Every structure is written in C-alpha cells, then in structure tokens.
Amino acid sequence: MNPMDPNRHNQSMMGGMDRHGQPSNMGQAHVTGMMPQQVPGGSYQQKQMHQMTNFTNYSTNVNNLQDEAITTSADHQPTTSRHPLTPAQGPSSVRSDATPMTPRSAADFGVGPPQLQNIVSTVNLDCKLDLKKIALHARNAEYNPKRFAAVIMRIREPRTTALIFSSGKMVCTGAKSENESRLAARKYARVIQKLGFPAKFLDFTIQNMVGSVDVKFPIRLEGLVLTHSQFSSYEPELFPGLIYRMVQPRIVLLIFVSGKVVLTGAKVRTEIDNAFKLIYPILKNFKKRG
C-alpha cells in the first residue's frame, strides 16, 4: 500500500495494517466481538461501516439502559425523614394563614366551672322583732341569748338557715344559687308576718358566694407561695391550705395540695368564674410531677 494513500489512515483506524502494509483484521476482530450482529456478505468496507454503525447503536442502548436504571433507583429512594417539630425548609413551607396556639383552658381538660356551695344574703324586714315570741311560736327555731343574740331558724326547701335579729335584719345562708337564696329569704319573711309582725322585704343583697372546684392534679404549694408571696400565705402547721388573695377580682382562694380549690368573697357568679380562669394557668405551672 502507498504510504501517501489517503485511505491508509481510515484503514488503520478501522482495521489496522499488518507488517506488509496490508489491512489487518485485529481491529475488526476487536469490534466484531462487541457486535450483536454481523453481515455475512458484502465488501470489506461495507462490513466495516455496518459494524461501526452497530457498535454506535449498541453503545447508545447501553447508555439508555444505565440512565433508566439510575432514574428508577432515584424514584424508589426513600425520602429523608424529618423530625415532626422541625419545620420544612423553603418559602413554600411557610403558611400565611397559620395562627399562634393559645394556652389550653381548664374546660379543655374537663375541669370546672366552679360549683356554688353556699350563698350568704341579707334582707331588711324593716320592723322591730320580739325574738322570744318568734322562738316560742315558730317551727324549727331556736334562741339562746347567752350564746348568740339572734333566732336561728331553718327550712327544708330550699335547705337553708336564717339568723333573725331583733333589729329586723336577717341573714340567710346555705342556698346553692341566687334564686334559691332569694326564695328562702321570702319564706322566712312570710313566717315572721304570720306571727303578727309587720315585716317587709327590703334591700335583698347577696353578700358572699362560695364555690369549689377540683383541678384534678396535685399542687406544689411550697413553690407557689415562694413565687407568689405577695398574694399568698401558707402555714401548714396552722392550716393545710394555701390562702391566695386575688386583687382583681377581689376573691380569696383556699388552695389545697390535693388539687381542691375553694373560692370565696364574690358578690356575683362571674367573679368566681373569672377568678378560676386566672388562677388555673398558675396552678398548672406548679403541678406535681410523678
């Protein structure tokens, strides 16, 4: 073969040459070993071109299979788990309509509202009374001037007790609601009228309400009195409960380690409810652990 032949380079690239300058089959054998098909007939140049075309198609198919394998493995790769308290990254994770969480109230835990246990009311009968005559003629009445300067009278419905003074003033205790207290006071006034006294029913006023509630968890009274020393006092040698004096509303609370709370000093029911709503988060902070 002429060394200056322009086909010499192509032949050396495709099949190579032997030591006599003739085309060699070494490259062909190397390429042919990787071919899926071979052409049985045709010239040498056609065989070489067909083999190179098959080789190119074969390489392309192999690359496509590798790309599909990589894509499939990526699709089935488990996503990285994130801690439930860790916010997701990126601007899309920020919710514009998110609202801050509010502290849970006592009602959310099935606690409260406080139940009224006693109501103290006063009324003016606007007449002078003979307490001895009342004690002798009225039922369920007792009078001992050496012990107490008032007649003690009781009725069953509503179950209450009245203290009747000679000045015409009367105190009614033991009712469970405002309506019961007013009804009981009217019944006592009616009894006094039947005994011949010109009793009236003036200036009925509720003087005190007592409510109680169980927060359903034990309380660390020592920690509470240290933190709120300005409003509370705790002397376990004298009284087992902590006395908490609330400023607004003006309510006094008796707080026990068992979780029982007594609220007193209210004039209306809403004051007891508001006082408990204020004290419950404080008691929650001093809940006994374990």
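Which residues line the second largest pocket? This note takes up that question after a short account of the sheet from which part of the lining comes. The model is predicted, and every value below is computed from it.

1. **The sheet as a whole.** The strands form an open sheet of 10 members, with antiparallel pairing. Their order across the sheet is β2-β3-β4-β5-β1-β6-β10-β9-β8-β7. At the edges stand β2 and β7 (232-233), each of which has a single partner strand, so one side of each is left without a neighbour in the sheet. A student may wish to trace this order in the structure before reading on.

2. **Strand β3 and its partners.** Strand β3 covers residues 151-155, and 4 of its 5 residues are buried, so the strand is largely enclosed by the rest of the structure. Buried here means under 20% relative accessible area. Strand β2 (residues 141-142) runs antiparallel to β3 and is joined to it by 2 bridges. Within this pairing, A141 has M153 of β3 as its bridge partner. With strand β4 (residues 160-164), β3 forms 5 bridges, again in the antiparallel sense. There, I152 is matched with L163 of β4. In a regular strand, side chains alternate between the two faces of the sheet.

3. **The turn from β3 to β4.** How many residues does the hairpin between β3 and β4 use? The hairpin connects the two strands through 4 residues. P158 is placed in this loop between β3 and β4. The peptide bond that joins E157 to P158 is cis, with omega of about -10°.

4. **Onward to β5.** Strand β4 also pairs with strand β5 (residues 169-175), in the antiparallel sense and over 4 bridges. In this pairing, A162 stands opposite C172 of β5.

5. **The second largest pocket.** The opening question can now be answered: the lining consists of A138, R139, N140, M153, R154, I155, R156, E157, K187 and V191. Two elements, β3 and α5 (178-194), give two or more residues to this lining. The largest share, 3 residues, comes from β3. By class, the lining has 4 nonpolar, 1 polar and 5 charged residues. The space in this pocket is about 160 Å³. Some residues named earlier return here: M153, the bridge partner of A141, is among the lining residues, and so is E157, which takes part in the cis peptide bond with P158.

6. **A second cis peptide bond.** Q248 and P249 are also joined by a cis peptide bond, with omega of about 0°. P249 is found in the loop between β8 (242-246) and β9 (251-255).

7. **Two residues with positive phi.** D126 has a positive phi of about 60°, although it is not a glycine. D126 is placed in the loop between β1 and α4, and it is partly exposed, with a relative accessible area of 39%. D203, likewise not a glycine, has a positive phi of about 55°. D203 is found in strand β6. Is D203 buried or exposed? At 58% relative accessibility, D203 counts as exposed, the cut-off being over 50%.

8. **Contacts between distant parts of the chain.** D130 is found in the loop between β1 (115-124) and α4 (131-137), and it is partly exposed, with a relative accessible area of 39%. The C-alpha atoms of D130 and S166 are separated by 6.3 Å, although the two residues are 36 residues apart along the chain. L202 lies in strand β6 (residues 202-214) and is partly exposed, at a relative accessible area of 32%. Between L202 and L125 there are 6.3 Å in space, C-alpha to C-alpha, against a separation of 77 residues in sequence.

9. **Aromatic rings and charges.** The count of aromatic pairs comes to 6. Ring pairs link F217, F276 and Y280 into a cluster. Charged residues also lie over ring faces. K133 lies over the face of F197, at 5.2 Å from the ring centre, while R186 lies over the face of F201, at 4.2 Å from the ring centre.

Conventions. Residues are numbered from 1 along each chain as its sequence is written. This is a predicted model: local features need pLDDT of at least 70, side-chain atom pairs count only at pLDDT 80 or more; totals for chains, interfaces and linings use all residues. Side-chain values use heavy atoms; hydrogens and water are left out. Buried means under 20% relative accessible area, exposed over 50%, partly exposed in between (1.4 Å probe, protein chains only). Two strands pair if DSSP finds at least two bridges between them. On a 1 Å grid over the protein atoms alone, a cavity is a set of points where a 1.4 Å probe fits but cannot get out, and a pocket is an open set with protein on both sides within 12 Å along at least five of seven lines; lining residues have an atom within 4 Å of a point. Grid points are joined across faces, edges and corners, and a volume is the space filled by probe spheres set on the points. Ala, Val, Leu, Ile, Met, Phe, Trp, Tyr, Cys and Pro count as nonpolar, Asp, Glu, Lys and Arg as charged, and the others, Gly among them, as polar. Rings of Phe, Tyr and Trp (its six-membered ring) pair if their centres lie within 6.5 Å; planes under 30 degrees apart count as stacked, over 60 as edge-to-face and the rest as tilted. A charge sits over a ring if NZ of Lys or CZ of Arg is within 6 Å of the ring centre and within 35 degrees of the ring normal.
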